[in-house]
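Here are some short exercises to work through with the structure open in your viewer. Try each task before reading its solution.

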Amino acid sequence: MRCIVISGPPPIVAKIISPTRLVLYPPRLPPPSSPGPQSSPRGLMFFLIIAESPLLSARAFIKPGFQHTCGPDFQVLGGELWHHSKPDIGEDQARRRSTSTEISDLYDRPPRRDPLDTSFNDPETAFRSKTTWEVVRAYIVYTLCSSNYVVEHNMELMKLAKAMLGERLFRQLMKATFYGHFVAGEDQNRIVPTLTRLRSFGVKPILDYSVEEDISQEEAEKREVESSVSEIKSSEAVSEARSIGGEMPQYNVTKTFADRRYKVQSARTYFYLNEASCERNVEIFQESLHAAAGATYGTGITAIKLTALGRPQLLLQLSEVIMRARKFVSEVIGGQGNVIGQKLNAADLEKRLEQAGIKDTKKFLAKVVKDSEGVIHLFPWSGIVDENFQLSDTFRVPSLKEGRMVRLISQLSSREEEMFRNMVRRLNTLIKTAKDLDVRVMIDAEQTYFQPAISRITLEMMRKYNTNKAIVFNTYQCYLKDALKEVSTDLEQAKRQNFFFGCKLVRGAYMEQERARAAALGYPDPINPTYEATSEMYNQTLAECLRRITDLRTKGLQKRIAIMVASHNEDTVRYAIEKMKDCGISPEEKIICFGQLLGMCDYITFPLGQAGYSVYKYIPYGPVDEVLPYLSRRAQENKGILKKIKKEKRMLLSELRRRLFTGQILYTPRGNYISV
Ligand SMILES: Cc1cc2nc3c(=O)[nH]c(=O)nc-3n(C[C@H](O)[C@H](O)[C@H](O)COP(=O)(O)OP(=O)(O)OC[C@H]3O[C@@H](n4cnc5c(N)ncnc54)[C@H](O)[C@@H]3O)c2cc1C
């Protein structure tokens with residue numbers, strides 16, 4: 001028996017159209033009520049299992065020699081030879097083992113690959129996946145996004161339209177414009193046709209359930225301030241912590257910047273309500289992981305924000321500890337940054353502490369993490385991903401000034417410790433699910449006052465889960481002055497602690513807010529001084545990752561590092577492609593992939609996918625009413641990138657003209673590319 005796995009909106013019905021041909025299609029008729037053995041006209045038997053899960057729509061078991069065809073909207077995702085009476089592999093395994101060879105085996109035509117034109121100037125290639133109506137809609141949406149009035153008043157306009165048109169008409173209007181262009185559908189079932197179409201044009205999804213609370217600025221500030229301060233105000237603990245590194249105003253919450261949406265367009269913001277709301281977020285992420293698994297078969301990704309999983313105060317305090325520990329390192333041994341970057345020998349550390357007159361450091365030194373090359377961490381960070389980790393007990397260092405052990409973290413109440421463990425448990429649950437489903441998880445980068453903690457927790461999750469391949473990806477923002485240093489240190493940790501390293505490189509979404517906050521609170525601006533400096537940092541960081549990949553390859557270690565170039569910038573994409581060529585990395589290896597948002601810069605994404613590069617679209621989904629804040633931000637972001645919009649509009653118009661003059665107005669997109 002042969003088992004084929006089909007994705008498409010359920011229900012699916014099988015119809016035998018000739019003695020040897022089976023058609024799978026969405027019926028006007030209801031599906032068979034109880035799936036089970038059915039007779040073909042020639043007495044051949046086959047099984048059809050309907051909709052086990054919404055996305056794994058059907059699995060048909062077909063006798064050898066029996067062929068199948070899929071109706072519109074369906075795609076065969078994989079196939080296996082299947083022994084009817086005694087299957088030797090589990091169904092899940094059968095599903096996951098769908099390789100491109102098996103897939104192409106099942107296709108009538110071999111998958112197609114086009115050459116890549118890196119000027120990204122060919123409208124036909126760029127919009128081959130769109131119907132003519134979608135080309136027109138994209139043009140209308142970008143034109144609206146170029147209007148100052150529409151962008152500035154977009155939320156009010158949407159609310160007014162809803163009040164005037166009523167729920168149903170408003171939804172239709174949105175689907176015909178912004179929602180239809182930027183969002184894939186209401187839920188994980190309704191996005192399947194979009195995912196299927198993208199896949200058939202060589203593009204894979206990063207799923208993001210984009211429902212956002214539409215809360216007022218006042219409410220956001222109130223929630224943020226309340227959830228960012230500790231229940232315990234121990235002045236002794238605070239002054240102990242300050243004895244290393246002095247004042248660090250960036251880790252204090254201030255009402256002025258408590259609404260983290262301030263001047264941010266490209267990222268979603270979560271405001272902590274309570275532990276139950278974090279549990280709800282976990283459920284949503286879980287659904288997203290299942291959707292990614294069902295629809296993509298081991299190629300999908302889900303994006304996760306750590307601020308959705310716990311109390312921000314804990315991320316703030318942990319970030320402060322990390323930065324104070326770095327100050328400690330520079331006080332003890334000079335240099336800057338993490339201890340791993342200092343090539344510090346454990347014996348030297350002991351000597352330095354002795355010279356400073358600090359006694360009784362045995363307990364501290366016993367916990368220091370080291371290997372044959374030297375100290376890796378001052379603290380046993382691996383414990384942080386344990387659900388028994390005690391924050392307050394762990395972070396003590398010997399103070400050179402005070403000559404005794406001091407606490408780097410102000411005290412936490414037992415309830416706050418519990419909340420920290422909850423946050424870690426939630427993340428563990430999600431990553432474990434992702435690993436079981438063979439889906440990857442990208443942890444988004446957020447504001448600099450949370451980022452040290454987010455990055456450290458993510459790195460430890462990588463160490464725990466990235467044992468055979470990169471399941472967890474960290475995000476690095478290249479607009480930060482320290483981006484290259486951070487990536488280099490983390491790559492070094494991955495090498496020394498022997499785990500697979502996954503990283504998404506972005507320029508960064510919070511620039512204006514970061515600068516304004518630094519100026520207002522009186523700490524150094526963490527952002528590179530110019531756009532050019534950010535681009536240079538991006539290139540250097542990418543080059544460092546590629547240098548490491550090449551280095552590992554010479555040692556026979558393949559695929560230890562995976563990188564996502566998440567950018568809408570053509571130059572960045574071209575630079576990555578050039579570097580791949582220089583390093584002899586082929587697109588099929590999938591160790592370098594690319595990412596853009598749905599509805600943005602299709603002229604980059606689709607040519608890449610159709611040429612066989614590993615490329616992703618960030619796919620937002622959710623009910624129309626609840627993704628309005630997301631749509632509002634998309635409108636604003638597009639307004640800010642007028643040069644890219646101009647190019648996209650020009651190309652859309654040219655494609656429209658081409659279709660008109662070649663009689664292809666009714667063109668139906670049917671891809672045969674198969675993403676790598
Ligand atoms: C798939 C995907 C995932 C993403 N995930 C994240 C994430 O997890 N965290 C996050 O923060 N962002 C994330 N982003 C957003 C990203 O950081 C950028 O905001 C966005 O992509 C614009 O950068 P660009 O390279 O596409 O385009 P460009 O237009 O080339 O770059 C614009 C960016 O350059 C930087 N910049 C602009 N002017 C200056 C200046 N004067 N000085 C210094 N720097 C400047 C800013 O970062 C600005 O956003 C993601 C983007 C994508 C596509």
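**Exercise 1.** Find out which residues of helix H8 are buried, and where the helix sits.

Solution. Start with the burial count: Val 192, Leu 195, Thr 196, Leu 198, Arg 199 and Ser 200 of H8 are buried. Keep in mind that this is a predicted model. Next, look at what the helix covers: H8 spans residues 192-200 and lies across strands S9 (203-209) and S20 (614-621). Its direction makes about 150 degrees with S9, which means the two are roughly antiparallel, as the cut-off for that is over 145. Last, check what comes after the helix: Gly 202 follows H8 and has a positive phi, near 80 degrees.

**Exercise 2.** Work out the order in which the eight strands close into a barrel, and whether the pairing is parallel or antiparallel.

Solution. Go round the barrel strand by strand and you get S9-S10-S15-S16-S17-S18-S19-S20, with parallel pairing. Now add the twist: on average, neighbouring strands in this sheet are turned by 30 degrees against each other, ignoring direction.

**Exercise 3.** Trace the register from S9 across to S16, listing how many bridges join the strands and which residues face each other.

Solution. Take it one pair at a time.

- S9 to S10: these run parallel and are joined by two bridges. Ile 206 stands opposite Ile 301 here.
- S10 to S15: again parallel, with four bridges. Thr 302 of S10 has Val 441 of S15 across from it.
- S15 to S16: residues 440-443 pair with residues 472-477 in the parallel sense, over two bridges. Val 441 turns up once more, with Val 472 as its bridge partner in S16.

Now zoom in on S10. Ile 301 and Ala 303 point one way, Thr 302 and Ile 304 point the other way, and all of them are buried. To finish, look for a helix over this stretch: H16 (residues 414-437) lies across S10, S15 and S16, at about 145 degrees to S15.

**Exercise 4.** Describe how helices H12 and H17 pack: at what angle, how far apart and through which residues?

Solution. First the geometry: H12 (residues 312-333) and H17 (residues 451-465) meet at an angle of about 85 degrees, and their axes are 7 Å apart. The two helices are therefore roughly perpendicular. Then the residues: H12 brings Leu 315, Leu 318, Ser 319, Ile 322 and Met 323, while H17 brings Gln 451, Pro 452, Ala 453, Ile 454 and Arg 456. Sort the residues of this contact by type and you have seven nonpolar, two polar and one charged.

**Exercise 5.** Characterise the shell around the ligand: which residues come nearest, and which elements supply it?

Solution. Begin with the short list. The ligand has 28 residues around it, and Asp 444, Val 506, Arg 507, Ala 509 and Gly 595 come nearest. Now assign the shell to elements: S16, helix H20 (531-554) and strand S19 (592-597) each supply at least two residues. S19 has the largest share, with three. By type, the shell divides into 13 nonpolar, 13 polar and two charged residues.

**Exercise 6.** Zoom out: how many helices and strands are there, and what share of the chain is buried?

Solution. Count the elements to get 24 helices and 20 strands. Then take burial over the 676 residues of the chain: 46% are buried. For the contacts, keep those with a separation of 6 or more; residues 24 or more positions apart account for 77% of them.

Technical notes:
Residues are numbered from 1 along each chain as its sequence is written. This is a predicted model: local features need pLDDT of at least 70, side-chain atom pairs count only at pLDDT 80 or more; totals for chains, interfaces and linings use all residues. Two strands pair if DSSP finds at least two bridges between them. Axes are lines fitted to C-alpha atoms, for helices over the stretch in contact, and angles run from 0 to 180 degrees between N-to-C directions. Two residues are in contact if their C-beta atoms, placed from the backbone, lie within 7 Å. Angles under 35 degrees count as roughly parallel, over 145 as roughly antiparallel, 65 to 115 as roughly perpendicular and the rest as oblique. Ala, Val, Leu, Ile, Met, Phe, Trp, Tyr, Cys and Pro count as nonpolar, Asp, Glu, Lys and Arg as charged, and the others, Gly among them, as polar. A residue is near a molecule or strand if its C-beta atom, placed from the backbone, lies within 6 Å of it. A residue is buried if 20 or more other C-beta atoms lie within 10 Å of its own, exposed if 12 or fewer, and partly exposed in between; C-beta atoms are placed from the backbone.
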